[in-house]
Structures are given as structure tokens and as C-alpha cells.
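Good morning, everyone, and thank you for making time for this short talk. Please have a look at the structure on the screen, and then I will take you through a few of its parts.

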Amino acid sequence: MSENSSKDPVVHLDRNFWIVTAVLAILSIAGIVFWIVAPITKFLPAAVVEADEIDQLFRFLSASSTALFVFVIGYLLYFSIAFRRRSTDAPDAIGIQIHDNHKLEMWWTILPTIFVVVMAIFSVRIWYGIEVNNPGNGLSVESIGHQWNYTFRYPGVRGEITDAMHLPVGVPVTLQVTSTDVIHSFWVPAMRLKADMIPGTLNTIRFTPKYPGTYQIICTEFCGVNHSVMDKQKVVIESRPAFDAWYDGWVAKNKNASDELPKASAGAVALSGGDAAAGQKKFALTCSSCHAVGPFSQKIVGPGLKGVLHDPAHPSLVNGDPATPDNVAKLLQNGYSGSLGQMPNQTSNGLTNKDIANLVAYLDSLK
Amino acid sequence: MAVASIAQHDEHQGVDRLYAETRDLRLQGFLLFLVSDIVLFSSFIFAYLYLRNSGQGFPPPGIGRLDVAFAAYNSMVLFGSGCTMHYALENWKHGNFNKYAGCLIATIVLGLMFLGGQGYEYHSLIVNDHVTWSGSGIFGASFFTLTGMHGFHVFVGVCYLSILLLQSVHGVYTKQKFFGLTAGTLYWHFVDVIWVVLFSIFYLI
Amino acid sequence: MQTHEQAELHGGGVADHIHPEPQTFVRKYIFSIDHKIIGLQYIITGFVFFILAGLLAEVIRAQMMHATGGVVDSNTYDEIYSVHGSAMVWLVVIPLLTGGFGNFVFPLQIGARDVAFPWLNMLSFWIFPPAGLMLFASFLMGAPQAGWTEYPPMSLQGQAGTSMWCAAIFLVGVSSTLTGINFLVTILKMRAPGMTFTRMPLFVWAQFATAPLLMIATTALAGALAALFMERQFGVPFFDPTKGGSPVLWQHMFWFYSHPAVYIMILPAFGMISEIFPTFTRKPIFGYKMIAFSSVAIALLGFMVWAHHMFTSGLAPWLQLPFMLLTMVIAIPTGIKIFSWVTTLWGGKIQFTTAMLFAIGFIATFTFGGITGVFLSAVPFDLHAHGTYFIVAHLHYVLVGGSLMGILAGMHYWFPKMSGRMLSEKVGRWTFWLFFIGFNGTFLPMHWQGLMGMPRRVAQYDPQFQGVNQFESYASVVMTIALLLFFYNVLWSLRHGKKAGPNPWGARTLEWQIPSPPHYYNFKHVPTVFAAPYDFAEPLPYTGLEDELTDSPGPQPASSSSS
């Protein structure tokens with residue numbers, strides 16, 4: 001109690017205390033040096049640029065924690081031994097009645113605060129580079145979690161790839177993940193990155209592959225009876241030519257005769273008189289298996305369409321045309337096949353011109 | 001046996017002090033209970049706002065707007081019952097048993113009317129608009145769960161107030177000792193406050 | 001502030017209100033409204049569930065002996081760790097620390113005769129065993145399998161036991177909430193005359209910081225559980241994405257409770273350490289005010305960091321940032337406590353009783369667990385470590401190395417007060433060392449396993465981890481032996497332990513100034529307090545206790561009731 005602390009005895013720190021402090025300081029420095037030089041990648045390769053940064057953060061956290069822990073445990077042990085009750089002590093012997101020490105308490109509040117600030121700055125910088133300011137503008141890939149395997153979708157490759165996820169060295173990647181059933185997670189220890197695969201949403205991680213190799217993908221979110229064995233697939237990081245060869249192989253493999261889309265009926269669809277309510281019914285029947293009535297990010301196969309005609313963040317349709325009612329009608333007529341996927345055309349979808357007008361009216365009504 | 005007046009006398013000092021301190025404890029405890037009940041509602045209100053923000057339009061197309069006018073009328077009934085409850089307690093404190101009883105009965109009746117109104121709205125939604133608790137996506141889920149929880153609290157409140165009425169008729173409470181009535185009034189106001197929030201988030205925004 | 005004579009003259013208040021002594025066996029020991037009996041009931045029940053959940057843990061370790069599993073099939077294994085975790089959190093640690101030690105100890109420490117609402121206290125307890133049995137009964141109908149966190153959509157598809165789980169945890173949550181209300185009002189209103197907040201023992205401060213968490217956070221969980229139950233049983237969509245719901249919504253609702261829950265599980269343990277240290281160093285706790293205020297700070301901050309469990313769930317970056325920073329900030333009040341405890345040792349006359357050994361060990365293991373928590377607060381590191389054995393390591397260091405060590409310290413400290421007998425210090429020392437070694441052997445290597453690639457909740461794993469897993473399983477046996485020794489110590493000492501007397505430790509808080517075990521009325525006269533309890537150079541800061549240890553008759557029950 002500070003009402004007593006003015007009567008506290010004066011504290012004398014004896015020589016042993018300083019010797020112990022010096023020893024702890026040396027041990028801490030040794031610990032810090034250990035973490036600076038520890039060959040992390042000998043145990044776990046760092047496959048992407050971001051992994052190296054995360055390892056740096058880990059070294060910093062480990063080094064500073066080791067120093068802190070050495071001091072806390074060191075003093076804990078030393079005080080326990082130095083101030084143990086001895087058999088020569090009187091039965092009612094008491095300790096030195098110190099209540100507090102404002103200067104000491106101030107320092108051990110300020111110094112940890114400074115440390116937390118430094119740690120925050122370090123972490124935020126690395127976080128910013130990974131989560132916020134990571135362009136990922138080279139290759140867009142998707143991975144979809146299923147019970148109990150991963151599939152991958154690449155631009156220009158029809159359907160899904162079911163073996164490994166190949167990536168070329170040096171090309172920034174945007175990986176978007178989701179799931180068709182329950183929550184899974186996409187973790188590559190060598191990348192030090194993971195993202196949960198949540199049905200109904202699309203989560204994104206961005207990274208730039210750096211070291212060629214084959215790395216395990218492991219599921220870290222309980223997903224059912226075979227969760228333990230959802231760790232058999234790999235990420236393969238390889239040179240550009242090797243990647244291109246693999247990619248071309250899949251394009252050819254998944255090609256399909258019906259990829260030649262039949263040309264749509266001539267002429268634009270007349271949009272006047274479109275019935276939004278009828279359009280809603282048609283949407284539920286025909287479109288909702290691939291499109292949600294939700295924001296763009298609420299992706300099933302294609303993006304959510306609630307804002308397709310009214311969302312300033314997404315002013316273009318998948319084929320690059322500006323999002324206007326006429327262009328939507330044209331897209332529904334002709335379909336789309338390209339690097340962002342496949343959308344069936346009017347014939348494949350079984351839509352009459354009236355259906356298209358109704359759908360456009362419905363989509364226009366969603367604000 | 002009706003007691004047409006409110007007992008004035010109380011026992012000696014020691015018991016008074018005990019009563020005062022016990023009442024203090026009970027008041028604090030009851031208020032904390034209301035706080036935890038607010039947290040329960042808040043978790044569902046959070047869920048509703050979160051789902052509404054992240055998904056389909058509200059109400060989803062095809063369901064149409066909720067009947068704001070009817071709900072506003074029903075709200076007036078509930079807020080009115082809050083006023084009558086306030087006056088009931090005031091009248092008790094001033095020793096007017098008949099006025100107190102009249103106000104309390106009015107509160108109970110208005111509470112029942114509110115529940116009836118809710119029942120009517122539920123019926124209309126389910127039968128006319130085909131909006132159900134489990135079959136209408138997150139709108140049906142949130143609306144029926146939250147208003148249902150609230151309606152259940154109103155129902156419990158009506159039962160509680162009825163018991164208070166019977167107890168006061170049998171002379172359980174005196175002019176100095178009437179914590180049960182205070183608690184009932186606090187609970188009833190709490191139910192009102194929750195409704196203000198629910199009405200705003202379902203009907204106004 | 002009144003002297004106790006003044007209090008006697010006015011008399012009649014809550015502080016002096018005494019219930020008539022219960023006469024029948026049932027009213028004394030079964031349906032008791034006495035906080036001491038209720039506290040013991042919680043402790044006994046909590047330890048029974050601890051044994052059950054511990055057996056589940058040993059099945060886990062048996063399964064982990066071989067990379068291909070083989071002890072139980074995957075489905076059963078999933079049930080086992082899910083019930084293990086749920087039971088340990090909700091049926092063991094929280095009830096022991098709040099309902100158990102909270103009930104028994106702190107009302108004595110504030111000089112009260114009971115808690116504010118004794119009947120409600122009894123109700124709170126009696127909800128607990130049936131709820132716990134419900135959780136274990138879920139094995140009979142297919143127990144929950146998606147961990148103690150039960151994320152949908154997995155939990156939506158779970159077996160019938162998942163609904164039992166919802167109901168059981170909901171019920172035990174009601175018990176918690178009522179306890180929180182009870183404790184908060186008791187501390188606010190029923191402290192002895194003269195006991196201002198800055199003269200309260202630190203265990204009371206800890207319960208004071210924990211009570212709002214119990215009250216507020218638990219009802220948020222109740223909402224989540226009710227929603228999951230309604231969706232599973234009645235198809236009401238909250239979390240199913242195919243019906244417009246959101247799995248991430250569950251995570252928000254669940255963790256908004258479950259993060260404060262971990263502070264519920266550690267703050268009372270902190271309070272225990274703060275009581276044990278002064279007693280066995282014979283000096284005041286260092287930095288009383290900072291320790292008291294940091295408890296409140298941790299409780300408050302605890303409400304603001306829940307989404308650090310969700311960094312990989314797709315939170316927008318602008319949301320990740322504040323949760324990361326606030327979680328880092330919690331390290332500061334926690335660090336202050338740890339430094340204060342260590343500094344308390346300086347200049348002491350330290351007595352290494354078993355309680356003190358566990359308290360000192362607590363500082364080592366809890367600090368380690370807290371440090372790994374700070375690692376996890378950094379989002380980039382969490383992106384690697386989330387969902388792996390690193391998390392399993394962290395959580396066991398804080399919950400076993402922290403909460404459980406605190407419980408064991410508290411048991412060795414307060415057993416004499418509860419039972420009137422001493423535990424064997426010799427057996428206690430064996431208990432401590434075996435436990436400390438076994439615990440660290442079991443959980444320290446898990447940090448490495450997790451970082452190297454072993455995910456959690458797996459019935460089989462990559463063969464590269466088999467060696468370390470076997471080592472851990474053997475170490476867990478050492479831990480189990482330690483715990484068996486502890487139970488043996490308790491059971492033997494209840495019959496044959498040395499008689500304890502009122503104050504075997506020479507401690508200064510109020511519970512040690514009355515007989516062991518206390519009379520049902522606690523104090524013959526409610527004492528008056530005029531200083532904090534930890535000044536060993538001063539006489540005891542109480543008046544009115546002269547009669548407590550004599551043979552004089554106890555106070556008579558109050559004759560009238562109130563309405």
C-alpha cells in the first residue's frame with residue numbers, strides 16, 4: 001500500500017544480485033544470437049518471399065522472448081534460492097517489508113510498452129506487406145476445398161485440376177480459396193501462409209513463389225472423418241518453362257468439344273417489358289447454382305450478382321464490357337469462355353429472349 | 001381477501017436496516033440480471049445485423065416490406081403499457097391502492113394486446129406472405145427469433161405482473177416494502193427498451 | 001467507517017443477518033445454501049469431471065503413440081478430443097475457479113457471512129452436475145466431433161450429441177451467469193466495515209474482475225448455442241451458407257464469449273498466486289495497486305480481442321489490425337503482474353510448501369504460455385501457426401501450466417481451511433515435481449511439432465512426428481501419476497491428515513482468523529478492517545476477532561424475515 005511505502009526499508013541490491021544479472025544478460029545475449037543465426041530453412045524451407053519475412057518476424061519474437069524469459073526465470077530461481085527460509089531463521093522471521101517501488105514499476109511498464117510498440121511496428125509492417133499491399137498481379141488461381149481433397153482452377157483451363165498446384169517462380173500469385181461443403185483450410189508450411197476455405201465466401205492470400213520445390217498442402221480446420229489425411233496434395237514451384245509445359249498440358253487435357261460455343265441468335269434482345277418477378281423465378285431455377293444474390297465476393301462458381309448493374313467497385317462484366325443492361329443481355333446471349341472461367345450461352349442455358357429480358361429486369365431491380 | 005389500503009407500519013429499526021440493505025442487494029442483482037439479458041438480445045441483434053450486411057437484400061425480393069404501420073400501432077400499445085406501469089408504481093408509493101390496481105391491470109391488458117398484435121402479424125406473415133421461421137432464409141430466422149424472444153419476455157412479464165397484482169391484493173407489499181413491484185416495473189421498462197431497438201432494426205432501417 | 005462496536009449497536013443489517021443453522025443432512029450437505037458447502041460441492045464435482053476429461057486425454061495420448069493411430073477410429077477420436085476440451089473448459093476449470101474456490105474463499109476474505117443470494121447460489125450449483133452429465137451422455141448418441149469450438153457447417157451436420165452439447169453448455173452457462181451476478185453484488189455490497197477496495201485481498205480483486213466476464217460474456221455464448229441448436233433442430237438458418245447464413249458469424253459469436261472465458265479461467269488463478277506469495281515470503285505482495293488494477297484492465301481488454309482467433313477466416317485487413325494491436329497490449333498488464341510476483345520473492349523468507357512450489361512453477365509455465373500468446377497476436381506469425389499443434393501447446397501452457405497449476409496451488413493452500421486437516425507436504429512435493437516435469441515433457445515439444453507441420457485435431461499424422469509424440473505420451477503418464485498422487489493425498493489426509501488449526505500458514509487474510517473448517521456462520525462478529533492484509537511487520541488489521549477462536553456460543557439467527 002502506498003500509504004505505507006514511505007516507511008518502506010531502503011532496498012540494497014547486493015553483489016550477488018548484480019552477478020546474477022550479468023549472467024542473465026549474457027545468457028539473453030546468447031539466446032538472441034541463437035535466434036538470429038538459427039537456420040530455420042534447414043528444418044522448413046521457405047518457399048515464397050513472404051515466408052522469409054515471416055521467419056524474420058519469428059526470429060525477432062523468439063529473440064526478444066528468450067531474453068525476457070531468461071530474466072524472469074533467472075530471477076525467479078535466484079530469488080527463490082537466495083531468499084529461502086533457513087533453519088537458522090526465527091520461526092516468526094519476516095521478509096523485508098517492501099510494498100512497491102514507483103520508479104521500478106514505472107520502468108517495467110514503460111519498457112514493455114516500448115517493446116510492444118516496436119513489436120507492433122515490426123508486425124504491422126510485415127502484415128501490411130502480406131495482407132494489404134501485396135499486388136499478386138501475376139497469376140490468379142483458385143483452390144476449392146472438398147471433403148477431403150483440394151482442387152484448383154486456373155484461368156483458361158476448363159474445369160478443375162485435381163493433382164498438384166503448380167506455380168512459376170517469381171510470378172506474384174493471388175490465391176482465392178473457398179469450399180463446397182464445410183470449412184477447410186489451405187496451409188502450406190513452407191509458405192508460412194494459410195487461409196480458411198469457407199463455403200459461401202472467397203478468402204484470399206497473395207504471395208510470390210521463390211524457391212523451386214514440392215511442398216505439402218495440409219488442412220488445418222477440422223472437416224470430418226478424413227481431416228487427418230487431407231494432407232496428400234502438393235504445391236509445386238518450378239521454373240517458368242516447366243510451369244508453362246504443365247499448364248499447357250492441362251489446357252489440352254480438359255479441352256472439350258463443346259467448348260466451341262454455338263453462336264447466339266442474331267440481333268440484340270428487346271429489353272422493354274421485362275418482368276422482374278418472372279426474372280427472379282428464372283434466376284432461382286437457372287442461375288443460382290453458380291451465382292448468389294449477394295455481393296460480388298459471395299462467389300459460388302461465378303460472382304454474386306446483387307450489384308452487377310449498380311456496383312461502382314465492379315463496373316465491368318466478365319468479358320470486359322461495361323455493366324449495362326444491354327451488355328448483360330448480350331452476355332447472356334453469347335456466354336463467355338476465357339481466362340476467368342466459363343459461362344454458358346443462351347442455348348446451353350435454355351433461355352428465350354423473353355427470359356433474358358426478365359432476368360435483366362430482375363438484376364436491374366437489385367440494389 | 002382484498003386489502004384496499006397499503007399498510008403503513010413496519011417493525012423496529014433492526015429489521016428496517018436489514019430490509020434496506022437486502023433491497024439494495026436485490027436491486028443490484030436484478031439490474032445485473034437485466035444487463036445479462038440485454039447481452040443475450042445483443043448477440044442475436046449482432047447476428048441479424050451481420051447477416052443483413054453481408055447477404056441478400058432485406059426483406060428478400062418476393063416478400064415485400066414488413067407492415068410498418070401495424071407494428072407502429074402495436075408499439076404504441078406497448079409503450080402505453082410502459083406509461084401505465086410507471087403510474088402504477090407511482091400510485092403505490094403515494095398510497096393509492098385503487099389507482100395502482102387500475103394502472104397495473106391496464107398494463108397487463110395492454111401487454112396482452114401487444115402479444116395479440118404480434119400473433120396477428122405472425123399469422124399474416126406466415127399465411128399471406130409465406131414467411132416462416134426456417135423457410136425464409138436469414139430474414140425469417142432473425143425476425144422470428146428476435147421478436148419471438150421479445151414476445152416470450154413480454155409473456156413472462158405479463159405473468160409476473162399478474163402475480164404481483166395478486167400478491168399486492170393479499171397484502172404482501174407495504175408502503176415501505178415493495179421491492180417486487182419495483183422489480184416488475186424495471187423489467188417492464190426493459191422489455192419496452194428492447195422493443196425500441198427491435199422495431200428500429202426491423203421496421204425502420 | 002464504523003468500529004465493530006458501532007456496528008453491533010445499530011445491528012440488524014445484512015452483514016449480521018444469520019440464517020438458522022441447517023439441521024438435516026439434506027439441508028446441510030445436499031441442498032445447502034451455505035457458500036462454503038456449495039464451494040466444496042463445486043470442487044468435488046469439478047474434480048470428478050476432471051478425472052473423466054483426463055481419462056479422455058490419456059486416450060488421446062494413447063492414440064498419438066503411433067502415426068497411424070490405431071487405438072480408436074477417427075470418428076471416436078474426434079468425439080474424444082471434443083468432449084475433453086469442452087469438459088475441461090466448462091466442467092472443470094471455470095467451475096473450480098469460480099464456483100469452487102470463489103464461493104468458498106472470498107466471502108470469508110471480505111468478512112461476509114455468505115454471498116448476496118445464497119439460494120441462487122445453490123441453484124447455480126445444482127444446474128452444474130446435470131449439465132455435465134448431459135455433456136458426457138452425448139457419447140451415447142454420437143458426441144460432438146468438431147472440437148470444443150464446433151464450427152459450422154461441420155457442427156450443423158454433427159451427430160445428435162452436438163445438440164446435447166449445445167444444451168449442456170447453455171445450462172452450465174446459466175449457472176456461470178448467475179454466479180457472476182451473485183459475486184459482483186457480494187463484493188460491491190457485503191464487504192466488512194472498513195474494507196475499502198484498496199484493502200481487499202487480491203483474490204477478491206480477481207473475482208471482482210472475473211464476475212462481469214461471467215455475467216456478460218456467458219450470455220453471448222448462450223445466444224450462439226441457442227442459434228446453433230435452433231438451426232440443427234428446426235432448420236432456422238443462421239450459419240448455413242446455402243441458406244444465406246454465415247459460418248463466420250458463429251466464429252464471431254462464439255469467440256466473443258470464449259476469449260473472455262480464458263480470462264475467466266486465469267484471473268482467479270492470478271488471485272490465488274497473489275495470496276500464496278505473501279504468505280510464504282512473509283512480506284507484502286509487491287505492487288498491490290498495480291496487480292489489482294491490471295486484473296480489471298485485463299478483464300476489460302479481454303472483451304476487445306476475440307477476433308484474434310479468426311485471423312485466417314477472411315477478416316478484412318482493417319479488422320485484423322485493431323485486434324492484433326489490442327491483443328499485444330494485453331501483454332503489458334500481464335507482464336506487470338509477473339514482474340510484481342517475481343519481485344515479491346526478493347527479500348522474502350521463502351517457505352517452499354507445496355502451494356508455494358506450484359505458485360512458483362505457475363509463473364514459469366504461465367509466462368511461457370503468455371509469451372507464445374504474444375507470438376500468436378502477430379498476424380503474419382498466426383497465419384503459419386493457426387490450427388496447428390503450436391496452438392495446442394500454447395493453450396495447454398496457459399490452461400494447465402496456468403489455471404490448473406493455480407488450482408493445485410490453491411488446493412494445497414486452502415485444503416486445511418476447508419477440511420481442518422493438513423495435506424502431506426512430502427506427497428505434495430512429489431506431486432509438484434512429477435507434475436512439472438511431466439507437464440513440460442508433454443507440451444513443450446508440441447510447439448516445434450506445430451511449426452513443422454502437424455495440424456491439430458488429427459487421429460493420425462505424418463510419421464516424422466512419431467518420435468516426439470511417443471515422448472509426449474510417456475511424459476503424460478508422469479503427469480497422470482502426479483495427479484493420482486494428489487488425489488491419494490487428498491483422500492488420505494481427509495482421514496489421517498494432521499489437524500490444521502485455524503492458521504497453519506500464519507497468513508493474514510480473514511479466512512485464516514477463524515476455525516478450520518469455519519462455523520456455518522463464518523464469524524461470530526463481523527470484523528472491522530483498517531488496512532490491507534499483507535503487512536507482516538504490523539499486527540493484524542482487524543478488530544472484533546477476539547472471540548472467533550474461543551468456545552463462546554455462536555450468534556443467534558435473526559428472528560424476522562424481510563419482504
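Before I come to a particular helix, let me say that the expected span of a helix is 1.5 Å times one less than its number of residues. Please also keep in mind that what you see is a predicted model.

With that in hand, consider helix 9 of chain C, which covers residues 247–264, has 18 residues, and reaches 26 Å from its first C-alpha to its last, close to the 26 Å expected at 1.5 Å a residue. Helix 9 of chain C does bend, however, by about 30 degrees at Trp255(C). Is this helix largely enclosed or not enclosed by the rest of the structure? Of its 18 residues, 17 are buried, and therefore helix 9 of chain C is largely enclosed by the rest of the structure.

Let me turn now to the place where chain B meets chain C, a contact that takes 35 residues from chain B and 39 residues from chain C. On the side of chain B that touches chain C, the elements giving two or more residues are helix 1 (13–54) and helix 4 (137–169) of chain B, and it is helix 1 of chain B that gives the most, with 24 residues. By class, that side of chain B divides into 17 nonpolar, 13 polar and 5 charged residues.

Finally, chain A is divided into domain 1 (10–83 + 99–132), domain 2 (139–256) and domain 3 (276–365). The C-alpha centres of domain 1 and domain 2 of chain A lie 37 Å apart, and 9 residues of domain 1 of chain A are in contact with 14 residues of domain 2 of chain A.

Methods. Residues are numbered from 1 along each chain as its sequence is written. Chains are lettered from A and ligands numbered from 1 in the order in which they are written. This is a predicted model: local features need pLDDT of at least 70, side-chain atom pairs count only at pLDDT 80 or more; totals for chains, interfaces and linings use all residues. Two residues are in contact if their C-beta atoms, placed from the backbone, lie within 7 Å. Helices (H or I, at least four residues) and strands (E, at least two) are DSSP runs, numbered from the N terminus. Ala, Val, Leu, Ile, Met, Phe, Trp, Tyr, Cys and Pro count as nonpolar, Asp, Glu, Lys and Arg as charged, and the others, Gly among them, as polar. The bend at a residue is the angle between axes fitted to the seven residues ending there and the seven starting there. A residue is buried if 20 or more other C-beta atoms lie within 10 Å of its own, exposed if 12 or fewer, and partly exposed in between; C-beta atoms are placed from the backbone. Domain bounds come from an automatic or database domain assignment.
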